[in-house]
Amino acid sequence: MTQISRRTLITTGIAAAAGASGIAVAATLARRHGLIPPDSGGIYGAGETLTYAAQRLLTRHAVAREFSASEISRNPFANEVAPLGDEFNRLQAGNFLDWRMTVDGMAARPTTFSLAELRSFPTSSHTTMIGCEEGWTYIAQWGGVPLSYILDRVGALPQVRYVVYRSIQPDWWESIDMADALHPQTLIAHRMNGGDLPVPFGGPLRLRVPRQLGYKSVKYITSLTLTDDLRKFGKGLGSASPEGGYAWYAGI
């Protein structure tokens with residue numbers, strides 16, 4: 001082996017060791033300050049921890065970019081979903097009058113809300129871009145009830161760390177931490193571009209999380225569960241579990 005190649009090998013090894021050490025130190029600090037994501041284990045765990053901790057420390061109160069009405073996409077893309085089943089069809093035929101969203105778990109006042117009740121609550125709106133891990137994006141105006149309002153109304157307990165939300169689609173659920181749950185742009189959306197939220201885009205209810213990739217904005221929401229530990233919900237972390245190739249935290 002030549003001296004140049006030996007020097008290159010040694011330099012590369014030191015750099016790799018320093019990088020791994022830096023990630024390990026960052027993970028230790030993140031654990032000390034409660035900045036460990038649920039998918040912190042496994043081969044990508046240290047990197048996921050570093051990403052999540054850095055985002056929370058540097059951009060906890062940052063907002064997703066908002067656009068003007070003139071920038072709303074003329075032909076937004078509705079990602080295809082599997083057939084939603086007889087129960088959804090029945091609810092849709094009744095104009096969703098019987099649609100319900102239950103909030104349970106670590107709440108002082110667990111409650112079930114009708115669609116009419118949710119539409120009567122204070123609303124907020126924002127014109128933001130939704131981006132999919134598949135590579136497509138579109139801009140739309142979203143309107144609905146701030147999730148923070150719902151959490152306040154049901155009396156979320158101080159110990160709550162995550163909100164788990166479920167779709168009418170079988171076994172389809174996701175979760176966010178309280179930084180996103182309480183963020184002013186996070187909505188229980190029931191409006192889109194000035195009208196009721198269309199079914200292809202998640203109507204009648206969709207959780208809209210504009211600071212994360214599209215798979216966190218789950219369609220057809222039927223329930224929220226407030227919890228301090230996602231391990232109670234099984235091995236996976238939802239529809240986008242690490243086993244499916246997606247990270248739990250999908251910040252943009």
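**Buried polar residues, sheets and cores in a predicted model**

Setting aside neighbours within four places in sequence, Arg56 is in contact with Leu35, Asp177, Ala179, Asp180, Arg211 and Tyr249 in this predicted model. Arg56 lies in helix 2, which covers residues 45-59. With a relative accessibility of 4%, Arg56 falls under the 20% limit and therefore counts as buried. One of its contacts is also a polar one: the side chains of Arg56 and Asp177 are joined at 2.9 Å.

A second charged residue offers a similar case to look at. Glu174 belongs to strand 6, residues 173-177, and is buried, with a relative accessible area of 1%. The side chain of Glu174 makes a polar contact of 2.8 Å with the side chain of Lys216. Between Glu174 and Leu207, the C-alpha to C-alpha distance is 9.9 Å, although 33 residues separate the two in sequence.

It helps to set these residues within the chain as a whole. The protein chain contains six helices and 10 strands, and 43% of its 252 residues count as buried. Among contacts between residues at least 6 apart in sequence, 67% join residues at least 24 apart. Confidence in the prediction can be summarised by a mean pLDDT of 85 for the protein chain, with 82% of residues reaching 70 or more. Residues 1-18 are a stretch to treat with care, as the pLDDT there is below 50 and the model shows two contacts for this stretch beyond near neighbours in sequence. Where pLDDT is low, the predicted coordinates should not be read in detail.

Strand 6 brings the description to the open sheet. Five strands form this sheet in the order 2-1-10-5-6, with mixed pairing. Strand 2 (111-114) and strand 6 stand at the edges and have a single partner strand each, so one side of each lacks a neighbour in the sheet. From one strand to the next, the twist averages 20°. Within the sheet, strand 5 and strand 10 run antiparallel and are joined by six bridges. One residue to follow here is Val163, whose bridge partner in strand 10 is Leu226.

Strand 4 (residues 137-146) has antiparallel partners of its own. Eight bridges connect strand 4 with strand 3 (residues 124-131), and the two run antiparallel. The bridge partner of Ser124 in strand 4 is Gly144. Strands 3 and 4 form a hairpin with five residues between the strands, in which Gly135 adopts a positive phi near 115°. Strand 4 is also joined to strand 7 (residues 187-192) by five bridges, again in an antiparallel arrangement. Here Val145 has Ile188 of strand 7 as its bridge partner. Eight of the 10 residues of strand 4 are buried, so the strand is largely enclosed by the rest of the structure.

The nonpolar interior is the remaining topic. In soluble globular proteins, nonpolar side chains tend to be buried together. The largest nonpolar core here has 34 residues, of which Met101, Leu147, Ile150, Leu224 and Leu226 touch the most other members. At least two residues of this core come from each of helix 3 (85-93), strand 1 (100-105), helix 4 (115-120), helix 5 (147-154), strand 5 (162-167), helix 6 (178-181) and strand 10 (221-227). Helix 5 gives the most, with four residues. A second, separate core has 11 residues, including Tyr138, Ala140, Trp142 and Leu197. Returning to the largest core, Leu147 is in contact with Ile176, Ala181, Thr186, Leu187, Ile188, Leu207 and Leu224, leaving aside neighbours within four places in sequence. Two of these names have appeared above: Ile188 is the bridge partner of Val145 in strand 7, and Leu207 lies 9.9 Å from Glu174, C-alpha to C-alpha.

Note on methods:
Residues numbered from 1 in each chain as written. Predicted model: local features only at pLDDT ≥ 70, side-chain atom pairs only at ≥ 80, totals over all residues. Heavy atoms only, no water. Buried < 20%, exposed > 50% of the residue type's maximum accessible area, 1.4 Å probe, protein only. Polar contact = N/O pair within 3.5 Å; in protein donor to acceptor, adjacent residues only side chain to side chain. Core = buried A, V, L, I, M, F, W, Y, C linked by side-chain atoms within 4.5 Å. Contact = heavy atoms within 4.5 Å. pLDDT = per-residue confidence, 0-100. Pairing = 2+ DSSP bridges. Axes fitted to C-alpha atoms, helices over the stretch in contact; angles between N-to-C directions.
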